[in-house]
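Please work through the following exercises with the sequence and the structure at hand. Attempt each task before reading its solution.

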Amino acid sequence: MLTDNLKIKMNRLSRIFQPINVIPKNVQVKSQDMTSKSQKLMLDLGIIRQANSGCFHYLPLGIRALEKLKNLIDQHMQSIGAQKVACPTLIHTNLWERSGRIQEATPELFQIKDRHDHLYILSPTHEEAITDLLTTVSPLSYKHFPLRLYQITSKYRDEMKPRFGLIRSRQFLMKDLYTFDVDLDAAKETYELICKCYNQIFELVGVEFFKVLGSSGDIGGILSHEFHFQTDIGEDKLIKCGNCGYMGNLELCGNKDKCLKCGSTKINVFNGIEVGHTFLLGDKYSKPMKATYLNNNGKPNILQMGCYGLGISRILAASLEKLSTDQELRWPIKLAPFKILIIPPKFGSKEEKSSSISIENLSKNLEDIATLKNDVLIDDRVQMTIGRRFLEAKQVGYPFIVVLGQKITENPPLFELNNLIEGKQHFLTENELISYLKQKC
Ligand SMILES: [Zn+2]
């Protein structure tokens, strides 16, 4: 049923590097450091592996999920005309002296010295670097604006106590977008556009999110919003007014008893994980760093800026935190490492002997569905029982698990389809299976 035909490219589970912690004797993280279920499940199920405190290896399944999220974000950034760049991670502290931010720098800023005794930071954010880039080419003509530049790179924070796995780590992946406009009105329009774009991204990820008025924190500026997932381990306190629906970060609202907007006392407080942040910066960086443009009268003017972050590795982990049970991972369908797992019968079983189904053809027919290209995995460890492989598949959380069980010997053969998102099981012919998955994926 499962031939070793190397001409047909299939994704086989036996060839995937996924060290699963079956028996917790080989504990890589002390149990008191295991602070969230997403962290525990991602480590136990071979999605990530801890390298050192607050730093992780992404294993093949983990990186597939991460790449899917990156692609989704890339598409959305490019749909609003943002261009991808990459700034260096090592930033000379001179640059942060010019913006004045080095004086406010917290112990969380990684600083290192090179062999010439020059001090650098491992940049957690790039407002200075990108503004300096614009300064060095200033003044550009007004015709070049709006200009939107973004990057997806690793960022660094020297956490006192890294925790929750990828949620509060010392190295993390972020998308940061910097926008430049010729005046504040245009910058506000850009701000609205990007907030709308963020809404679309989070809707596609499919985890319930909240957009609240934010605190500007160390970055500063005129206006800011935060995007949060609500979970118990969230370290931000958010408030929601039961009367007018106003939402805000408690840190900013100050007063816990009354709604800032309508004065109602029907206030709910809950925990959120910040997964995105938007800032309308105005000229906070462009003015001291002299990033200018030439207006239509040929006079130099200061550029107006915005900056917009998405915590990519954090969104991934926080989604798992929100959707999973204590024992089983559950992925947003758009981010699952593979959308479909096929479990063929055990080698030598009655099902294997009496069925003429070709796994190669089934896999190919499923991958022919546009949304399933390269998204079908076969659990070819046919020396193991179906039951054991199914248990593991449920733990890893492939959204759709197709089992070739007892009914595969019927006429016509029926496939057992397990939809983990809806918690439903169906028995379907191959044609029904294909049209079902076409509709759901
Ligand atoms: Zn209110």
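## Exercises on a predicted model

The structure shown is a predicted model.

**Exercise 1. Describe the protein chain as a whole: its secondary structure, its extent and its domains.**

*Solution.* Step 1: Begin with the secondary structure. The chain contains eleven helices and 23 strands.

Step 2: Consider the extent. The C-alpha trace spans about 80 × 50 × 50 Å along its principal axes, and 53% of the 441 residues count as buried.

Step 3: Turn to the domains. The domain assignment gives domain 1 (11–21 + 338–440) and domain 2 (62–322). The C-alpha centres of domain 1 and domain 2 are 41 Å apart.

**Exercise 2. Determine which atoms coordinate the zinc ion, and explain why their arrangement is called tetrahedral.**

*Solution.* Step 1: Identify the donors. The zinc ion is coordinated by the SG atoms of C241, C244, C259 and C262, at 2.3 to 2.4 Å.

Step 2: Locate the donors along the chain. Their spacing follows the pattern C-x2-C-x14-C-x2-C.

Step 3: Examine the angles. Four donors count as tetrahedral if all angles lie between 85 and 135 degrees. Here the four donor atoms subtend angles of 105 to 113 degrees around the zinc ion, and therefore the arrangement is tetrahedral.

Step 4: Check the exposure of two of the donor residues. Buried means under 20% relative accessible area. C259 has a relative accessible area of 4% and is therefore buried, whereas C262, with 36%, is partly exposed.

**Exercise 3. State how many disulfides the structure has, and explain why C87 and C197 form no such bond.**

*Solution.* Step 1: Recall the bond in question. A disulfide is a covalent bond between the sulfur atoms of two cysteines.

Step 2: Give the count. A search of the whole structure finds zero disulfides.

Step 3: Apply the cut-off, which requires two cysteine sulfur atoms within 2.5 Å. For C87, the closest cysteine sulfur belongs to C307 and lies 12 Å away, which is too far for a bond. For C197, the closest cysteine sulfur is that of C195, at 9.8 Å, again too far for a bond.

Step 4: Add the accessibility of these residues. C87 is buried, with a relative accessible area of 14%. C197 is also buried, at 3% relative accessibility.

**Exercise 4. Find the strands that pair with β9, and state whether each pairing is parallel or antiparallel.**

*Solution.* Step 1: Recall how strands join. Strands of a sheet pair through backbone hydrogen bonds, either parallel or antiparallel.

Step 2: Locate the strand. β9 comprises residues 147–156, and nine of its ten residues are buried.

Step 3: Examine the pairing with β4 (residues 83–84). Strands β4 and β9 run parallel and are joined by two bridges. In this pairing, K84 stands opposite Y150 of β9.

Step 4: Examine the pairing with β10 (residues 171–181). Strands β9 and β10 run antiparallel and are joined by ten bridges. The bridge partner of Q151 is D176 in β10.

**Exercise 5. Give the strand order of the sheet that contains β22 and β23, and explain which strands stand at its edges.**

*Solution.* Step 1: Write the order. Six strands form an open sheet, β1-β20-β19-β21-β22-β23, with mixed pairing.

Step 2: Identify the edges. β1 (11–12) and β23 each have a single partner strand, so one side of each is left without a neighbour in the sheet.

Step 3: Study one pair in detail. β22 (residues 415–419) and β23 (residues 424–428) are antiparallel and share five bridges. One of the facing pairs is E416 with its bridge partner F427 in β23.

Step 4: Describe the connection. β22 and β23 form a hairpin with four residues between them, and G423 in the turn has a positive phi of about 65 degrees.

**Exercise 6. Describe the largest nonpolar core and the parts of the chain that contribute to it.**

*Solution.* Step 1: Recall the general tendency. In soluble globular proteins, nonpolar side chains tend to be buried together.

Step 2: Give the size. The largest nonpolar core has 64 residues, and M77 and Y398 have the most contacts inside it.

Step 3: Trace the contributions. Helix α5 (residues 184–205) gives the most to this core, with nine residues. The core also draws at least three residues from each of domain 1 and domain 2.

Definitions and conventions
Residues are numbered from 1 along each chain as its sequence is written. This is a predicted model: local features need pLDDT of at least 70, side-chain atom pairs count only at pLDDT 80 or more; totals for chains, interfaces and linings use all residues. Side-chain values use heavy atoms; hydrogens and water are left out. Donors are N, O and S atoms within 2.8 Å of the metal (3.2 Å for Na, K and Ca); water is not among the atoms, so sites may look incomplete. Four donors count as tetrahedral if all angles lie between 85 and 135 degrees; four count as square planar and six as octahedral if opposite donors are over 155 degrees apart and all others between 65 and 115; anything else is irregular. Buried means under 20% relative accessible area, exposed over 50%, partly exposed in between (1.4 Å probe, protein chains only). Domain bounds come from an automatic or database domain assignment. Two strands pair if DSSP finds at least two bridges between them. A nonpolar core is a set of buried Ala, Val, Leu, Ile, Met, Phe, Trp, Tyr and Cys residues joined through side-chain atoms within 4.5 Å.
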